[in-house]
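Please take a moment to look over the sequence and the model before reading on. The paragraphs below are meant to be read with the structure open beside them.

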Amino acid sequence: MRAVANFGGNICFRPRCLYAPRTDDEVLRILNDHRDGAIRVVGAGHSWNPGIESTDALIDLKHICHVHVDGDSTRVTVGAGVRIGALLKHLSQRGLTLPSLGLIDRQTIAGAVATGTHGSGRHSMSHYVEAMRIACYGADGGAKVRTVGSGTLLRGARCSVGALGVVLEVTLQCVPQYYVRERCRWRPGLDAVLESEPEAPLQQFYLMPHAWTYLAHERRVAEENRRAGWAALYRVYWLTFIDVLLHVCVKFCASLMRSRRLVHVLYRRLVPAYIFPRWRVTDRSDRQLLMRHDLFRHLEMEAFVRRGHLAAAVDFVSEVLRLADDEDHELSAAVQSRIDSLCAGAALDALRGSFVHHYPICVRRVRPDDTLISMSSCSGMSEQDWYAISLITLTEPREPFLRVAAFLAETMTPLFGARLHWGKWFPSGVECHYPELGAFKEICEEFDPRGVFRNGFLERTVFGRQPGADQAQGSEPIG
């Protein structure tokens, strides 16, 4: 069997059987044939963890790609293999769009909701799922199709990391097509960025390494559905200078030349020169909210923290990255105290001067989800918003970045109750903090009593020792 690799190139494996079914009946036959084996499903492969790995059967749902809009309603039912970009085009013809979008549109619908894909300022895509059809196993061990449309079962299925079975169909909420008003703005600090949220609720922002300044994409829904501010030219500018040229410069400075000084100059001098803070533009949501992060192979880790921990978490990340860049950097007293509380000083010292971070640190606000284990899931809808802090590398070999990212993941989890994105890189040894993880595992046992849909990644992250039990009982992470 040919090798299967992911987008990032860090996952490669050979399943014994690779299937591309076209009908529900074909999927059920595969499940019955492998009821004593192991099954995983692959979407677009745009993930950096081994969630898709299987030594037995791998199912590609690319042929299950139907789309049906329910009459005049704002509900769409789509086959699991439909790509987000294709769905957006289909909906746009009917004056509709999705309420939440990630940065790219290359993922499949099933893969996006299974991993909690999100944008900024709204819930994740998983939150807007209204029903799902899932091929799974019954108590007798036979394969069957179940429809999930309410209650705890739906909350578990909305973001299931493939642990319940093979998702065949997803019904999602839609909204009328809307336009987004945007401008880029340099901000002096995190407090100033957050003060803009009421006027720009869809904003995302970046912490620029080595300059350690903030650039905010201030975004809000426009009053009128029409393009303005030379929107077409703005799209050309953004594609040329940010999606392409910035990435080329990063690759040249950090990967080809491996120059710490050039990376510093890039962010302290060149990047500010190519950002136009006075340019206000209005464009359709699916144009304005998407970027072309898929043009260059990269690896990404993303950690979610609650609003109350955001300032401390961002400070912690920036201080660790400064120390990794400059072995003589002295940590602030607050960060040093947190390191000491974990007895992690020796592990941090091993990172001194070992890695120059070379990509903007993206931060996006995600509203609490009505799910069991999406990264912004909550047991009560009054919970704080979550913020996703994204770290990306474009260089290879990736070991220096992975050591720094692993340290951050392993320390931010106990310090700030951080949750790692199910679709991004996920280092071993990191515990998950989900108060309702126990309920999710019970649903998995009901849909998959023999554990056919589990692999090593899920066994470690979901089905191992019950993580987060202390938080479920009300204790708080270290602030």
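What follows is a guided walk through this model, from its strands to its loops, cysteines and hollow spaces.

Keep in mind from the start that the model is predicted. A good place to begin is an open sheet of eight strands, whose order is E16-E13-E15-E14-E18-E19-E17-E20 and whose pairing is antiparallel. At the edges of this sheet stand strand E16 (280-284) and strand E20 (419-420), each of which pairs on one side only.

The E16 edge can be followed inward one strand at a time. Strand E13, which covers residues 179-187, runs antiparallel to E16 and is joined to E16 by five bridges, and within this pairing Glu182 of E13 stands opposite Val281 in E16. E13 also runs antiparallel to strand E15 (residues 213-221), to which eight bridges join it, and here the bridge partner of Val180 is Val221 in E15. At the E20 edge, strand E17 (residues 299-306) pairs with E20 in the antiparallel sense over two bridges, and Phe304 can be found there opposite Arg419 in E20.

From the sheet we can turn to a helix and its surroundings. Helix H4 (151-158) has as its buried residues Leu154, Arg155, Gly156, Ala157 and Arg158. Which elements cover these buried residues of H4? The cover includes helix H3 (109-114), strand E9 (129-137), strand E10 (143-148) and helix H13 (437-447), so that when you look at H4 you can trace each of these elements in turn and see where contacts within 4.5 Å are made.

The loops deserve the same careful reading, and Gly81 is one residue to look for, in the loop between strand E7 (75-79) and helix H2. Gly81 counts as buried because its relative accessible area is 10%, which is under the cut-off of 20%. If residues up to four places away in sequence are set aside, Gly81 touches Leu61, Lys62, Ile64, Cys65 and Thr108. Gly81 and Val145, by comparison, are 64 residues apart in sequence, and their C-alpha atoms are 17 Å apart in space.

Some loops also hold backbone angles that are worth checking against a general pattern. Most residues other than glycine have a negative phi, and most peptide bonds are trans. Val161, in the loop between H4 and strand E11 (166-173), has a positive phi near 45 degrees although Val161 is not a glycine. Arg258, which is placed in the loop between helix H6 and helix H7 (260-273), likewise has a positive phi, of about 50 degrees, and is not a glycine either. Are these residues buried or exposed? Val161 counts as buried because its relative accessibility is 7%, whereas Arg258 is exposed, with a relative accessible area of 52%. As for the peptide bonds, the one that joins Glu396 and Pro397 is cis, with an omega of about 0 degrees, and Pro397 lies in the loop between strand E19 (386-393) and helix H12 (399-416).

The cysteines raise a question of their own: how many disulfides are there? The count comes to zero, and Cys17 can serve as an example of the reasoning. A disulfide requires a pair of cysteine sulfur atoms within 2.5 Å, but the cysteine sulfur closest to that of Cys17 belongs to Cys12 and is 17 Å away, which is why no bond can be assigned to Cys17. Cys17 counts as buried, at 15% relative accessibility, while Cys343 is exposed, with a relative accessible area of 73%.

Last come the hollow spaces. The structure holds four cavities of 30 Å³ or more, and the largest cavity has a volume of about 120 Å³. Fourteen residues line this largest cavity, and the closest to its centre are Leu101, Gly119, Ser120, Leu202 and Leu289. Sorted by class, its lining has six nonpolar, five polar and three charged residues.

The second largest pocket has a volume of about 400 Å³. Of the 16 residues that line this pocket, Asp105, Asp286, Arg287, Leu290 and Arg292 lie nearest its centre, and helices H2 (84-92), H6 (231-256) and H8 (285-288) each supply at least two residues of the lining. By class, the lining of this pocket has five nonpolar, two polar and nine charged residues.

How values were computed: Residues numbered from 1 in each chain as written. Predicted model: local features only at pLDDT ≥ 70, side-chain atom pairs only at ≥ 80, totals over all residues. Heavy atoms only, no water. 1 Å grid on protein atoms, 1.4 Å probe; cavity = no way out; pocket = protein on both sides within 12 Å on 5 of 7 lines; lining within 4 Å. Points joined across faces, edges and corners; volume = space filled by probe spheres on them. Nonpolar A, V, L, I, M, F, W, Y, C, P; charged D, E, K, R; others polar. Helix = DSSP H or I, 4+ residues; strand = E, 2+ residues; numbered from the N terminus. Buried < 20%, exposed > 50% of the residue type's maximum accessible area, 1.4 Å probe, protein only. Pairing = 2+ DSSP bridges.
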